[in-house]
Amino acid sequence: MGKGGSLSEGVIRKILLSYTYVAIWIFLSFTVIVYNKYILDKKMYNWPFPISLTMIHMSFCASLAFVLVRVFKLVEPVTMSRDLYISSVVPIGALYSLSLWLSNSAYIYLSVSFIQMLKALMPVAVYSIGVSLKKESFKTDTMVNMVSISIGVAIAAYGEARFDTWGVILQLGAVAFEATRLVLIQILLTSKGITLNPITSLYYVAPCCLAFLFVPWIFVEYPILRDSSSFHFDFLIFGTNSLCAFALNLAVFLLCWKTSALTMNVAGVVKDWLLIAFSWSVIKDTVTPINLFGYGLAFLGVAYYNHSKLQALKAKEAQKKTALADEEANRLLEDREGEGIGKRNESQN
């Protein structure tokens with residue numbers, strides 16, 4: 001085939017790779033959520049110790065990240081002083097540990113499908129916290145959209161067959177802490193030019209999370225585990241679960257690196273609907289028409305918000321390109337004017 005044919009083959013290969021990355025991320029995200037539900041749910045594996053499970057994940061991820069960064073040197077560590085670590089990474093680690101603890105705890109009380117519906121409030125929390133910390137500018141149309149998402153989630157909650165107040169409080173708390181963490185990453189790290197990929201993020205943040213989780217674990221779960229004679233650590237269950245959690249972090253990095261933000265958002269929507277379908281058909285969770293109507297309304301609001309954010313990013317990139325083009329044109333014009341002046345001086349001499 002000619003040059004055009006080879007180009008089309010390259011495009012097809014790129015599309016297939018993008019779909020492969022999306023499929024891997026959806027599979028791993030799906031697996032981690034369902035696996036955590038299986039371990040923590042009292043009707044399944046019946047090991048209701050979310051702090052312990054999160055600590056196992058963090059220990060595994062921190063150890064593996066250390067090996068990849070320090071031993072095999074596959075990833076370069078970020079230059080970071082002790083003061084920067086304490087002022088920036090420690091607060092993010094504290095919020096991350098609280099977010100993981102509460103979100104894993106919610107699996108004990110709520111269905112997988114309902115948890116996914118509550119997670120639709122994440123843009124609302126991120127935007128509200130961003131506005132309060134002056135990272136986002138207040139816009140009436142955006143706030144109206146946030147209200148529509150909240151109404152959709154409220155309708156879904158109203159239609160929930162297994163509504164549990166404590167479980168909802170835990171999940172909403174997890175959303176609030178995770179949203180605060182995402183905003184603080186922009187304020188404390190990104191604004192200072194520090195970018196962490198999932199491996200370096202785990203390398204710096206996971207040990208910090210482990211330290212924060214150790215305090216509540218000592219008082220809440222350790223006494224129960226210590227007095228329980230029936231529990232034996234299952235290396236197969238907890239090892240594969242931790243491996244899936246680490247692999248998910250790598251898949252996030254791969255998906256962000258090889259595809260676009262739009263692809264990530266679309267993949268997230270597909271994953272959420274698949275989880276709801278799986279929760280209803282396999283786990284036999286009850287999903288009511290009111291659930292679906294409310295989540296559908298929230299989903300439309302989230303989709304519009306993501307679209308608006310992407311359009312704003314594209315406009316910003318276009319402005320940057322225009323500014324660079326203008327700068328380059330001015331530089332060339334100045335060079336030509338300089339050459340013209342030089343030539344006139346030479347002719348006069």
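**Notes on an all-helix model**

1. Let's start with Lys-73: this residue is exposed, its relative accessible area being 57%, and the cut-off for exposed is over 50%. Keep in mind that we're looking at a predicted model. Lys-73 sits in the loop between helix 2 and helix 3 (82–109). Its backbone is worth a look too, since phi is near 55 degrees, a positive value in a residue other than glycine.

2. Asn-46 makes a nice companion. Here phi is positive as well, at about 60 degrees, and again the residue is not a glycine. You'll find Asn-46 in the loop between helix 1 and helix 2 (50–71). Is Asn-46 buried, exposed or partly exposed? Its relative accessible area is 42%, so it counts as partly exposed, a class that runs between the 20% and 50% limits.

3. Now step back to the overall layout. The protein has 12 helices and 0 strands, so to speak a plain run of α after α when read along the sequence. Of the 349 residues, 41% are buried. The protein exposes about 19600 Å², with 66% of that supplied by carbon and sulfur atoms.

4. How do the parts of the chain meet? Take the contacts between residues at least 6 apart in sequence: 84% of them join residues at least 24 apart.

5. Aromatic rings are a good thing to browse next. How many aromatic pairs does a search of the whole structure find? The count is 15. One of them is Phe-30 with Phe-278, an edge-to-face pair at 5.0 Å centre to centre with 80 degrees between the planes. This pair links distant parts of the chain, as Phe-30 belongs to helix 1 (residues 3–40) and Phe-278 to helix 11 (residues 261–281), 248 residues apart. Phe-278 has 23% relative accessibility, so it counts as partly exposed.

6. Another pair to check is Trp-47 with Phe-49. Their ring centres are 5.3 Å apart and the planes meet at 65 degrees, so this pair is edge-to-face; the angle needed for that label is over 60. Both Trp-47 and Phe-49 are buried.

7. Which residues share an aromatic cluster with Trp-47 and Phe-49? They are Tyr-35, Tyr-38, Tyr-45, Phe-233, Phe-235 and Phe-238. If you colour these rings in the viewer, also pick out Asn-46, the partly exposed loop residue with the positive phi.

Definitions and conventions
Residues numbered from 1 in each chain as written. Predicted model: local features only at pLDDT ≥ 70, side-chain atom pairs only at ≥ 80, totals over all residues. Heavy atoms only, no water. Phe/Tyr/Trp six-rings, centres within 6.5 Å; stacked < 30°, edge-to-face > 60°. Helix = DSSP H or I, 4+ residues; strand = E, 2+ residues; numbered from the N terminus. Buried < 20%, exposed > 50% of the residue type's maximum accessible area, 1.4 Å probe, protein only. Contact = heavy atoms within 4.5 Å. Areas by Shrake-Rupley, 256 points an atom, 1.4 Å probe, with all protein chains shown as cover.
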